[in-house]
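Good morning, everyone, and thank you for making the time. Please look at the sequence and the structure as they come up, and keep them in view while I talk.

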Amino acid sequence: MNRGMNRRQMEDKCWKCFGMIQGEKVRYQEKQFCTRCYQCDGCKLSLKNKTCHEEGGQLYCKDCWNIIQQDKCYKCKTLIKVNGQKYRGKLYHEECFTCSACNCSLVGLKFHEDEGRYYCEGKCYQDLGAYVCNGCGMQIDGNDIEYMLFQGKYYHNRCFVCDGCRAPLIGQKFKISQGQRFCTRCR
């Protein structure tokens with residue numbers, strides 16, 4: 001307690017402007033305000049006899065509160081003032097829209113979702129267990145519908161080729177010799 005003020009004087013201070021309350025007081029959640037300060041921090045209208053919400057020391061009327069709730073980051077739950085990133089109906093700060101493994105920003109990057117978590121394309125997604133093409137070494141992602149499994153190894157269809165002439169082997173007869181695949185022309 002401030003030494004120069006008694007308990008009664010502290011009780012007569014406005015929670016917002018810290019000025020002495022002269023006249024009518026308004027109470028909200030064990031805090032008191034002068035009538036001038038008991039207003040919405042969004043639209044600046046009086047909150048007297050209205051539903052009121054508090055967020056971070058700010059007071060809001062019902063309408064402004066609903067707008068603020070729409071503009072909150074899904075990850076950190078704080079207000080997005082500029083540059084929000086929307087993905088599948090959820091809004092994020094750009095700095096909160098990150099890879100779940102390495103925390104790099106996913107804004108403008110290719111990424112993958114697995115059980116509600118996001119992973120940057122490349123090592124983080126591969127470490128999660130993504131298939132990697134044995135032909136080109138690139139991952140096979142959800143957009144690659146044409147891939148195959150041969151002898152326990154995954155391949156993009158375009159990468160499953162003859163080791164002699166590089167002709168596609170999908171749907172073709174081929175022979176394996178010393179661990180290499182050859183089409184009927186090259187064997």
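Let me begin with Ala130, which counts as buried because its relative accessibility is 16%, and the cut-off for buried is under 20%. What we have in front of us is a predicted model, so please hear each value that follows as one computed from that model. As for where Ala130 sits, you will find this residue in the loop that runs between α3 (123–127) and β9 (131–132). If you then look for Gly23, you will see that 107 residues separate Gly23 from Ala130 in sequence, while the distance between their C-alpha atoms is 68 Å.

That brings me to the domains. The chain is split into domain 1 (25–69), domain 2 (85–128) and domain 3 (133–183), and between the C-alpha centres of domain 1 and domain 3 there is a distance of 65 Å.

Within the range of domain 1, I would like you to find Asp41, which is placed in the loop between β2 (31–34) and β3 (52–55). Asp41 is also counted as buried, with a relative accessibility of 17%. Which side chain does the side chain of Asp41 meet in a polar contact? The partner is the side chain of Lys16, at 2.7 Å. When we set aside the neighbours within four places in sequence, the residues in contact with Asp41 are Lys16, Gln58, Leu59 and Tyr60.

Next, please turn to the hairpin of β5 and β6. Strand β5 (residues 84–87) pairs with strand β6 (residues 90–93) in the antiparallel sense, over 4 bridges, and Gln85 has Tyr92 in β6 as its bridge partner. There are 2 residues between the strands, and in this hairpin Arg88 takes a positive phi near 50°.

Finally, the cysteines. How many disulfides does the structure hold? The number is 0, and Cys124, for one, is in no disulfide, with the nearest cysteine sulfur, that of Cys120, lying 3.6 Å away. A disulfide is a covalent bond between the sulfur atoms of two cysteines. Why is there no such bond between Cys183 and Cys165? Cys165 has the cysteine sulfur closest to that of Cys183, but the distance is 3.7 Å, which is too far for a bond, because the sulfur atoms would have to be within 2.5 Å. Both Cys124, at 15% relative accessibility, and Cys183, with a relative accessible area of 6%, count as buried.

Key
Residues are numbered from 1 along each chain as its sequence is written. This is a predicted model: local features need pLDDT of at least 70, side-chain atom pairs count only at pLDDT 80 or more; totals for chains, interfaces and linings use all residues. Side-chain values use heavy atoms; hydrogens and water are left out. Domain bounds come from an automatic or database domain assignment. Buried means under 20% relative accessible area, exposed over 50%, partly exposed in between (1.4 Å probe, protein chains only). A polar contact is a pair of N or O atoms within 3.5 Å; within protein, one must be able to donate a hydrogen and the other to accept it, and residues adjacent in sequence count only if both atoms are side-chain atoms. Contact means heavy atoms within 4.5 Å. Two strands pair if DSSP finds at least two bridges between them.
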